[in-house]
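Student: I'd like to go through this one and ask where the labels come from. Can we take a look together?

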Amino acid sequence: MNTLNKIIQSDRLKDQLAGAQKTADFGGKLARIVDFVLPGSGLVLNVATALVSGAAQAALAASGKVNGSSELFDRDAYAGIYTATLHEAYLRAMVDVLDENDLGSVEAASVEDGLPSLADTAAELAYNRAQFGSFRQDQLFLLYERYLAQFLRLPQGKPEAMSGHEKLEAVRQAAIHNFDTSISKDGAGNWVFRLELRQDVRDVKELGHQILSEATHIKESVQRLAEAANNASFKAGQEPTKNDRNTLEKNQVSNSRNFIIGDNATLIVNQSDALGKPGTKLTSALSLIEQMPTDAIPDIASIPSHSRFDFESNPAFVGREDELIKMAKALKAGGALAVVPKLVTTGMGGIGKSQVAVEFVHRYGQFFAGGVYWMNMEAADLVPVEVLACGDAMGLTAILKELPEEKRIARVQKEWREAIPRLLIFDNCEDVHLYKKWVPISGGSRVLVTSRMQAWARKGPLPCLPIATLPREKSLALLFGLAPRLKEDKDVANAIAEFLGDLPLALHLAGNYLATFSMTQPAEYLEELDTADTGDFHPSLEGEDADGSPTKHDLSVGWTFAVSYLKLEEADPVDAIAIRILGCAVWFAHGVPIPKWLLLRCVEKEGVDGMSLQRGLNRLLELGLLQSTTSADTVQIHRLIAAFAKYQMQDPFVWEWVVNTLNQEAIKVNNSGDPRGLTTWVRHLIEITDQAIHEHEQSAALLASHLGCWLEMDGQYQRALPYYEQALAIDQKVFGEAHPDTATCFNNLGGLLHAMGDLKGARPYYAQALAIRRKMLGEIHPDTANSLNDLGVLLQAMGDLKGAVPYYKQALAINEKVLGERHPGTATILNNLGYLSQEIKDLKGAQSYYQQALAIRRKVLGEAHPDTATSLNNMGYLLQATGDLKEARPYYEQALAICRQMLGETHPDTACSLNNLGYLLHTMGDLKGAQPYYEQALAICQKVLGGVHLDTAGSLGNLGALLYEMGDRKGALQYCAQALAIRRQVLGEAHPDNSDSFHN
């Protein structure tokens, strides 16, 4: 190359090479702006490719998609954009090579070449972009400012006396004028671009072919020049021989225009070698990147020797197959001159973002012929040092050492904008502005970013790949690879992975620790982890005995989190809110999506507006202290971050905020009767209730009561029982036996046991609740009425119909007096009275009660409410009892639809509706139609309520009776016998329902 440079710099050859330099410069500028002017346009990219690589790529483009594509050139849209693109590139080239102050020369050169004025060109660019890029008209002025920042050197008026703002305004006015004369709207209101005032489509087509022809000619000439130079026999510093001169003169490139050439740049003639390393052919390099597999992960292989990358492959690396494939797909996309493919990998500290990037390089770096260049972006002031080190690796040391630092950096960045595929890795980049400062906007480079910040897509926008914790099987594989003896006790290994939250850094440290200290048994280590002080992690997690990080990061889990946490400053308003939000988040279930509204509601009571709360939440996401999820409405927190932050903050008020918020929200859901409102965050209510039971007893009773109530409403009776028992035990201890809260706990337990079929067990709890309420609240109180009603329902279920009547009557009188006649509580007692009336064969009385209850529920609770479904079921049951089977069916069907929608497919109330519909069809003689309803109802009851429950017995009895009528007497006997056994066990031998089962 020294010999070739010597020839190029000789005065004798400068004029001969002017044409080649002009084309190369012209194409280079086109490449740098094409991704902004028209991202992804195949036509423009092919033409640009031919220009920029006026050596190797011209033939490829000409023989490929561009040559012979006249129909594409004939499209107005492509013609307009293509023309505007070439105009801008040519004008920018002239601005670069002409004297900065020679405004007249710039405009004269433009006119001489038959191009529009600068203002006209800018207008055309903006409106072409608007027309074909779907920009709104009010966005065009933003485009002007970005385009026209390059074109403020205008020969209008007295430019030397104009301010920058005045120059821009002059351009704006010219652009508006051009818009009025060249853009119109069609009948549909769409903007239409007319070409009459610009070059005709045929001229554009011809211009494209001329450029291709010129590029092909330059390619051939440049190749011959390079051959001659490389074969020259003289040494650097000597004059060429006569034969050398003859060879060069035969292959000279004519200069088609009198174009001014600057003295500050040396043309690298062989464009296919314009990439910083001898022998790297562009065609081969582009072909290599095309071979990069995106459906399978390649084996580890050497990367180009001129790379800046010194991380060894990690033999313990596991998993991440999907992530590596996604990275390959994202970074392979594009071409030599397309928009630079970029990808940001995001995730919390310790998740392994850098390790995944290292593995990607070892697997895929082989396909980047221009090399791999790793830069640590953590400290903004040190990034220039990182960039210059990349320049040294690229072989630019000799060129850079003679230049000042600013130009040295610019020279490296220029190399990044060349066509050859390079992989640039911006590790630990937490600042979008820093990223934008250094990322190349065009060329063949690919950019991979690793960052804790998860808001890139919002701030960029940029394509992001979240890196999550390892799947459990991969966590175990990592532990087994580091400490093989863990395979002997997989349960302990699984518990270790669970405790560490599947965080790769923590797993790496734990595995190393167990491998190093072979005398420590895994079970002992797990116990030490579990009993370690919350904020003082086990020594193994601080990396004290680890061999070193494969990616040269700090191996302390605590310090990894502290790096982010210490960036929060209490004096900063946004950070102060972020600290409060984090303080609340640590109490929620770890690794489980937290609804943003619920988390922020814990802090709302502090009087902070919604926008400030959102900023605080975003701050935590930026620092990686909270993690994004697949849903935009939720976030989550890792268990180790929660342990770290909980110890650091220790704010007693935060716990109260969380408990109060969850209690309030749980009350809303339970009062609504719709369990779906709590489904998305019940895991957090369980987590916080369990913490309260073990650590904050006074907070636990209400939480446990509300959680038990929701579980009961959701049909999870067995899970509800221990929470009701815990709430009762705490209230008895805190308030004593004679307290309204204790009475509520007694009543809740009675109701749950009743629902579970334990009628005898339920009665004493109901009785105690009623006694306390009568004493503490009085006879005329809704809670007293509630206890009376519940006892009436229980007595009715036990067969004591006469005993139930006075309880119902007393409860109804209280509610009508205290709550009113149109209250849901009143409707509940009316409904129960209707059911009792039906059982004693008072069908008219039953109809009156049912209709009143249904009317209240429809009006107050709405059509889609579980209580409304109960009333609909009862109305259907009554109509069926009166023989009006057709009228009964729509009631049953509406009730079933509501239960499925509100409660789900496996709820006891859904089973009840299924059973009712089956019984109706059975009565109507549709035995085959009834059977699937009975079977579904039985399956739900057995799964949710268990084998010893009256509802299960009812389903068994119904199926038995059906099978008997269908002729399957053996099957019928089996079901009926099971039903009778359950009823005898639950109700006792003397209950009247047993005679029905015995008769069946």
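What follows is a chat about how some labels for this predicted model are earned.

Student: Before the details, what makes up the chain in terms of helices and strands?

Tutor: There are 47 helices and 10 strands. Of its 1000 residues, 53% count as buried.

Student: Why is D530 called exposed?

Tutor: Exposed means over 50% relative accessible area. D530 comes in at 53%, so the label fits. You'll find D530 in helix α24, residues 522–531.

Student: Which residues join D530 in a negative surface patch?

Tutor: E524, E527 and E528 form the patch together with D530. Asp and Glu count as negative, and patch members need over 30% relative accessible area and no salt bridge. D530, at 53%, is therefore past that area cut-off.

Student: And what makes L819 partly exposed?

Tutor: The label covers values between under 20%, which is buried, and over 50%, which is exposed. L819 has 31%, so it lands in between. L819 sits in the loop between α38 (801–818) and α39 (824–839), and with I780 and V818 it makes a nonpolar surface patch of about 220 Å².

Student: How do you know that E498 and R472 meet in a salt bridge?

Tutor: Compare the distance with the cut-off: a Lys or Arg side-chain nitrogen has to be within 4 Å of an Asp or Glu carboxyl oxygen. Here N to O is 2.7 Å, so the pair qualifies. The two link distant parts of the chain, with E498 in helix α22 (residues 490–499) and R472 in helix α21 (residues 472–482), 26 residues apart. Both count as partly exposed, E498 because of its 43% relative accessibility and R472 because of its 22%.

Student: What makes E665 and K668 a salt bridge?

Tutor: Their closest N and O atoms are 3.3 Å apart, so they meet the 4 Å limit. They are 3 residues apart in helix α30 (residues 652–672), which means about one helical turn separates them.

Student: Is E665 buried or exposed?

Tutor: Buried, because its 6% relative accessibility is under the 20% cut-off. E665 and K668 are also linked with R601 and E604 in a network of salt bridges.

Student: How many salt bridges turn up in the whole structure?

Tutor: The search finds 18. One more example pairs E863 with R858, at 3.2 Å from N to O. E863 is partly exposed because its relative accessibility is 43%, and R858 gets that label because of its 33%.

Terms used. Residues are numbered from 1 along each chain as its sequence is written. This is a predicted model: local features need pLDDT of at least 70, side-chain atom pairs count only at pLDDT 80 or more; totals for chains, interfaces and linings use all residues. Side-chain values use heavy atoms; hydrogens and water are left out. Patches are made of residues with over 30% relative accessible area and no salt bridge: like charges are joined within 9 Å, nonpolar side chains (Val, Leu, Ile, Met, Phe, Trp, Tyr) within 5 Å. Accessible areas come from the Shrake-Rupley method with a 1.4 Å probe; for residues, only the protein chains shown count as cover. The place of a charge is taken as NZ of Lys, CZ of Arg, CG of Asp or CD of Glu. Helices (H or I, at least four residues) and strands (E, at least two) are DSSP runs, numbered from the N terminus. Buried means under 20% relative accessible area, exposed over 50%, partly exposed in between (1.4 Å probe, protein chains only).
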